[in-house]
Amino acid sequence: MRRLLLPLLLSATAFAAEPPPAPPTYICQRATEVLRIDGKGDEKDWQHAMRMTPLRDIEGGAIADKTTVRLLWDDRYLYVLADMQEPHLWATLTERDSVIYRDPDFEVFIDPDGDTRNYIELEINALNTVWDLFLTAPYRTANHALHDWDMPGLKHAVHLRGSLNNPADTDEGWSVELAIPWESITGHSNHPRRTNPPAPGTTLRMNFSRVNWHVQPDAATPCGYSKRTDAQGNPLPETNHVWAPTGVVNIHCPEHWGYVRLSDKTAGSGYESMPLPAAHESQRRLFAYYTAQLAQRDRHGSFSTSLQHKGIKPLLVTPQHFVVQTIATDGSVHTLDSNGQLSATPPTNNRPPLYLWVQGEKHEGDTAWWLQHFEAIARAGIRAVIIGGSPRHLAALTPIARAQGLQVYAWLWTLNRPQDTTALQHPHWYAVNRLGKSCHAPADRPYVEYYQFLCPNSEEALQHLLREVDKLAAIPGLTGIQLDYLRLPDVILPRGLWEKYRLVMDSELPNFDYCYCEHCKALFAKQFQREIKTDSETDSDWREFRLQSVARAANALCERIRSHNLRAACAVFPTPQIAARLVRQDWARFGLDLALPMVYYSFYNESAAWSATCTGDAMQQCDDRLPIAPGLHLPDTTPEQLPAELNRLRAVSPAGIGLFCDDQLTPAMLNALQRWSSQ
């Protein structure tokens, strides 16, 4: 069984040797209306609430069944809506606090302060029977569950789309709606109950689970079904589908749960996202050490005094007890002991995480070179690398980077696909300019030969890009995929490049104005019931149409990335308004988990201070909905100037800083970064 309710099942040897993927994150927006807790979720707020990333197998694998989870909150409740497709609806348990997972169920787990202790579990079946319990610590520590603990004021309902306990038909599914009072979350069995809600910006650790069983029709049972058995007559194991995989068949590993941040924005106000907290990697290392020590004690009866893990500083290690520590990238210090007690001190330097673009095609097969390279990058304080190259390159380099504690993003060029042999076989996939010239023809490509842009409205091209996402997502160890060139060609070049291309671009020139393919023109005519104006530069509807087209392609790619439990990032032009004017890219409409605006001041004939100004403008134009990590163009600076430029960007309080690229990371640059990161 998946539940560790008996001491016999507390063996730590069941824990995974490798950690699961980085946990998902979610922004919970505020409800604007009174929600009827009837299980249907048909209010406007629910329709506008953001969907969580799909559930996965508890050990991390992708699954086929469909479950959609949404959250909302207000000053009284945290609301949960889960919709589950299910062809066989059945349930048997009607008494509150029964062991509900013996039926198919939906479960919610809430750790309000993220310390892996004093958390809540709530289970519900299709008969609307609940089991709410409070755990002072995970079962691996001891059986600290309070099974007769109730949530005062809990509201719960289910809605069935089919007939319960009737194997003669095929059902559609069921939905669960919950209103969990804040007084049972922020105040609970170990603390005085409080009625005040948490403040906007508060982050909870949460997980969601759907349990199902392999059943067959059986007229001899009250519910009409019986659980299938193996050759020995034992029930086949249940399926456990969760939001944040734990890597093992045990959901009581709170350190692997997802992060939910409460937003002050209302449902329907636009997509929001959050980066992983800077402390996550540090805490993951601590619990990897902790798990290894528990396994050691199971095998040998005591902890190892010689066990070493990268980045772990032992403060005290004896055969009976240990205390270890790490320092996160933001300077916060995290301590964990052998009882699973986690504590943290505030950051000392409050440095934003650094992201580095890496040219992954070089030094192919030279593992020793890459190991040394990633060691130097990690030592310099860089937290994540964005690696370019083929899936083969990524598969080879990702484990080397991960071994140094680096997060890894795959670098995927999207609408610009130079030398894409599949795309080149389909000329109708390509963007066309106002003069009727296509990016498919080498003689007609704008500016440079590698500008081979696809049409954002080509469904075939989009499906091709989605398949490219799937190929990258199959690489183990990725944190996310960073999209690039998610735009049309530059209708106006940045000012600093005019002289290079011997152009004056104070207006839109026809040969650089895309996409005028027949498909786009037909779609525009259908949507706006007219043709494009002859003076198309003044046609605001035509401009809006192309902004929508690029955003639609972007959001399809982002959704596919998140369906693989990965984070969707994108390199974008400096601000949404600048990007919309220059390359038809209003990235405020993109459903990103991280935006990396290329605030490269030399491209615009500006001073270094312009980068910070642009970053602040971008945050305002996005209404602070998207995490933004402005990019610093390393060829524009020197090791001596680098700390001042990083501090200038840091003062704007971004979610990180991007560095382009690793080719410019000389030993002097690396030393400057290391000094800055450790100050």
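**View 1. D513, a residue tucked out of reach.** In this predicted model, D513 is buried, and its relative accessible area comes to 0%. Buried here means under 20%, so a value of 0% puts D513 in that class. You'll find D513 in the loop that links α6 (498-501) with α7 (518-528). Who keeps it company? Setting aside neighbours within four places in sequence, D513 is in contact with V432, N433, R434, V491, E508, S536, R546 and R584.

**View 2. The buried side of helix α11.** Helix α11 covers residues 642-650, and its buried residues are L642, E645, L646 and L649. Look down the axis of α11 and these buried residues fall within an arc of 100°, so they line one face of the helix. Several elements help cover them, including the strands β20 (354-358), β26 (631-633) and β27 (657-660). The helices α10 (609-621) and α12 (667-678) are also part of that cover.

**View 3. An open sheet of eight strands.** Follow the strands across and you get the order β25-β24-β23-β22-β21-β20-β27-β26, with parallel pairing. Which strands stand at the edges? They are β25 (594-597) and β26; each has a single partner strand, so one side of each has no neighbour in the sheet. From one strand to the next, the twist averages 25°.

**View 4. Where β24 meets β25.** Zoom in on β24 (residues 567-572) and you'll see it running parallel to β25, with four bridges joining the two. One spot to pick out is A571, which stands opposite L596 in β25.

**View 5. Two helices lying across the strands.** Helix α4 (residues 391-403) lies across β21 (384-387) and β22 (407-413). Helix α5 (residues 459-473) lies across β22 and β23 (480-484). How do they run relative to β22? Helix α4 runs at about 155° to β22, and for α5 the angle to β22 is about 155° too.

**View 6. Stepping back to the whole protein.** Altogether there are twelve helices and 27 strands. The C-alpha atoms fill a box of roughly 80 × 60 × 50 Å along the principal axes. A compact globule of 679 residues would have a radius of gyration near 26 Å, and the protein's 27 Å agrees with that. Of the 679 residues, 57% count as buried. Among contacts with a separation of 6 or more, 69% come from residues 24 or more positions apart. On the outside, the protein exposes about 27200 Å², with carbon and sulfur atoms supplying 51% of it.

Technical notes
Residues are numbered from 1 along each chain as its sequence is written. This is a predicted model: local features need pLDDT of at least 70, side-chain atom pairs count only at pLDDT 80 or more; totals for chains, interfaces and linings use all residues. Side-chain values use heavy atoms; hydrogens and water are left out. Buried means under 20% relative accessible area, exposed over 50%, partly exposed in between (1.4 Å probe, protein chains only). Contact means heavy atoms within 4.5 Å. The arc is that of the directions from the helix axis to the C-beta atoms. Two strands pair if DSSP finds at least two bridges between them. Axes are lines fitted to C-alpha atoms, for helices over the stretch in contact, and angles run from 0 to 180 degrees between N-to-C directions. The radius of gyration is taken over C-alpha atoms; the globule rule is 2.2 Å times the number of residues to the power 0.38. Accessible areas come from the Shrake-Rupley method with a 1.4 Å probe; for residues, only the protein chains shown count as cover.
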